[in-house]
Amino acid sequence: MLKYTKISDPEVYGIVEGELKRQEHNIEMIASESTASLEIMELSGSIFTNKTLEGYPGARFQAGSYEADRLEILGIERAKALFGAEHANLQVYSGSTANYGVYASVLKPGDRVLSMRLDQGGHLTHGSPANFFSKVYEYDFYGVNKETEQIDYDELEKKAKEFLPKLIIAGGSSYPRLIDYERICKIAKSVGAYFMVDMAHISGLVAAGVIPSPVPYADFVSSSTTKTLCGPRSGFILCKKEYAKALDKGVFPGSIGSMHLTTMAAKVWLFKHAATEEFKNVMKQVLANGKLLAKELESHGFRIVSGTTDNHIVMVDLRSKGISGKLFQNSLDKVGITVNKNQIPFDPASPFVTSGVRIGVTSITQRGLKENEIKEIADIMDKVASDPENESNLFECKKRTEKLISEFSLYPTGSFND
Ligand SMILES: Cc1ncc(COP(=O)(O)O)c(C=O)c1O
């Protein structure tokens, strides 16, 4: 691994090697993470890093674009075929810049946007006061029903009629249930709003066809490629044909500069791979593992937000265990299980402490963990929660984690040998 850096900068080399070891020896359950294939790693560091290019195939600002043109055209065709979309833009750098690209294409400063509350499952880039775009557009928010902890569509409709947004956004970073895209699409049309779905988290499940797709209903669909899609650190946007020109202009020059052709190449590979049976089977197993983890944790006395999961995210309310999300995250980290603290709907605790954690099953599923291992993980989590600050308890749990994960390789043996 990194044979040149090893010689020229042993310090950086050591850090990267340390990260490889950390990932190999830990059970990685951050919901926004996945394990990139060796091809994605290879392409993310390819010769294309030397090429600066702006514009679109046939209308570039720099010469020497013929190979890049072939690449981008191939990627657009693959993305359209994979998701059944009329148009695709692959130039955005991430899920965040995908969202900004959509804003830049159809909104003017001061326009109104209705999106899901961040503390009930939405995302920072959907109008959080901490995000710059909250100063550019006027945002209002819908949330979940207190009983079901699922989107309150009646409230969404009422708010849309009162607020009259130009854009309605669905999708988020910690919402474990399916979304009724058809209903939100109808609401958006009834008030003359554009409808955008941010499928950053679930795009792999959508590509595999194991959960419903927003593409038939949404005017714009944004995504990152690192979450369930298991790709490089990047993003993309899909849209209806009628918005293709506006979107491309909103992305470049509207919100980004030159393209990242390295991750572009990795995305093009990814859009072929995500259409394979192999990928579909992993996504099917992601759903099965998520459902089982929710059930097992519930049987250990944890409360599962909304009762279950329909995707790769399990949201856990820790109040029945009398511990905070912060403490549970830190104690799990000590035993080699990586999750993140997360607010749950109507959380009385601050975002820095939280009453819950968000757990994801994509990486462990890619690594081959199934029913027996999910049960063992739930049992370890229960032991940690029962005495989270007792070092000997954590030591015993760590031994179990190490044993479990040592049976599943992160990458085939020898992958990083020079
Ligand atoms: C719903 C949603 N949108 C956008 C993003 C941002 O994606 P990225 O980290 O690729 O910028 C995230 C990331 O967590 C997300 O959950």
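**Exercise 1. In which loop does Cys230 lie, between which two strands?**

Before starting, note that this is a predicted model in which local features need pLDDT of at least 70, side-chain atom pairs count only at pLDDT 80 or more, and totals for chains, interfaces and linings use all residues. Residues are numbered from 1 along each chain as its sequence is written, and side-chain values use heavy atoms, with hydrogens and water left out.

Step 1. Cys230 lies in the loop between β9 and β10, where helices (H or I, at least four residues) and strands (E, at least two) are DSSP runs, numbered from the N terminus.

Step 2. Cys230 is buried, with a relative accessible area of 7%; buried means under 20% relative accessible area, exposed over 50%, and partly exposed in between (1.4 Å probe, protein chains only).

Step 3. The backbone of Cys230 has a positive phi of about 60°, although Cys230 is not a glycine. Most residues other than glycine have a negative phi, and most peptide bonds are trans.

Step 4. Gly231 is also placed in the loop between β9 (220-224) and β10 (235-239), and with 7% relative accessibility Gly231 counts as buried. Leaving out residues up to four places away in sequence, Gly231 touches Ser34, Ala36, Ile40, Thr225, Thr226 and Leu270, a contact being heavy atoms within 4.5 Å.

**Exercise 2. Find which residues surround the ligand, and describe their polar contacts with the ligand**.

Step 1. The residues around the ligand are Ser94, Gly95, Ser96, Asn99, His123, Gly172, Ser173, Asp198, Ala200, His201, Ser224 and Lys227, each counted if one of its heavy atoms lies within 4 Å.

Step 2. Sorted by type, this shell holds one nonpolar, nine polar and two charged residues. Here Ala, Val, Leu, Ile, Met, Phe, Trp, Tyr, Cys and Pro count as nonpolar, Asp, Glu, Lys and Arg as charged, and the others, Gly among them, as polar.

Step 3. Helix α5 (residues 95-106) gives the most to the shell, with three residues.

Step 4. Now look for polar contacts (pairs of N or O atoms within 3.5 Å; within protein, one must be able to donate a hydrogen and the other to accept it, and residues adjacent in sequence count only if both atoms are side-chain atoms). An N or O atom in the side chain of Ser96 is 2.7 Å from an oxygen atom of the ligand, while a polar side-chain atom of Ser94 lies 3.2 Å from a ligand oxygen and one of His201 lies 3.3 Å from a ligand oxygen.

Step 5. On its own the ligand has 390 Å² of accessible area, of which the protein covers 84%; such areas come from the Shrake-Rupley method with a 1.4 Å probe, and for residues only the protein chains shown count as cover.

**Exercise 3. Explain why the buried residues of α7 line one face of the helix**.

Step 1. The buried residues of helix α7 (residues 181-190) are Tyr181, Ile184, Cys185, Ile187 and Ala188.

Step 2. Seen down the axis of α7, these buried residues fall within an arc of 160°, so they line one face of the helix; the arc is that of the directions from the helix axis to the C-beta atoms.

Step 3. The general rule is that an α-helix has 3.6 residues a turn, so residues three or four places apart point the same way.

Step 4. The buried residues of α7 pack against α6 (153-163), β7 (167-170) and β8 (194-198), whereas the face turned away from the buried side carries the exposed residues Lys186 and Ser190.

Step 5. After α7 comes Gly192, whose phi is positive, near 70°.

**Exercise 4. Describe the surroundings of Thr401 and Asn393 in helix α15**.

Step 1. Thr401 is found in helix α15 and is buried, with a relative accessible area of 1%.

Step 2. A polar atom of the Thr401 side chain lies 3.0 Å from the backbone oxygen of Val335. Not counting residues up to four places away in sequence, Thr401 touches Ile27, Val335, Gly336, Ile337 and Ile380.

Step 3. Asn393 is placed in helix α15 (residues 391-406) and is buried, with a relative accessible area of 15%. With residues up to four places away in sequence left out, Asn393 touches Lys383, Val384, Ser386 and Asp387.
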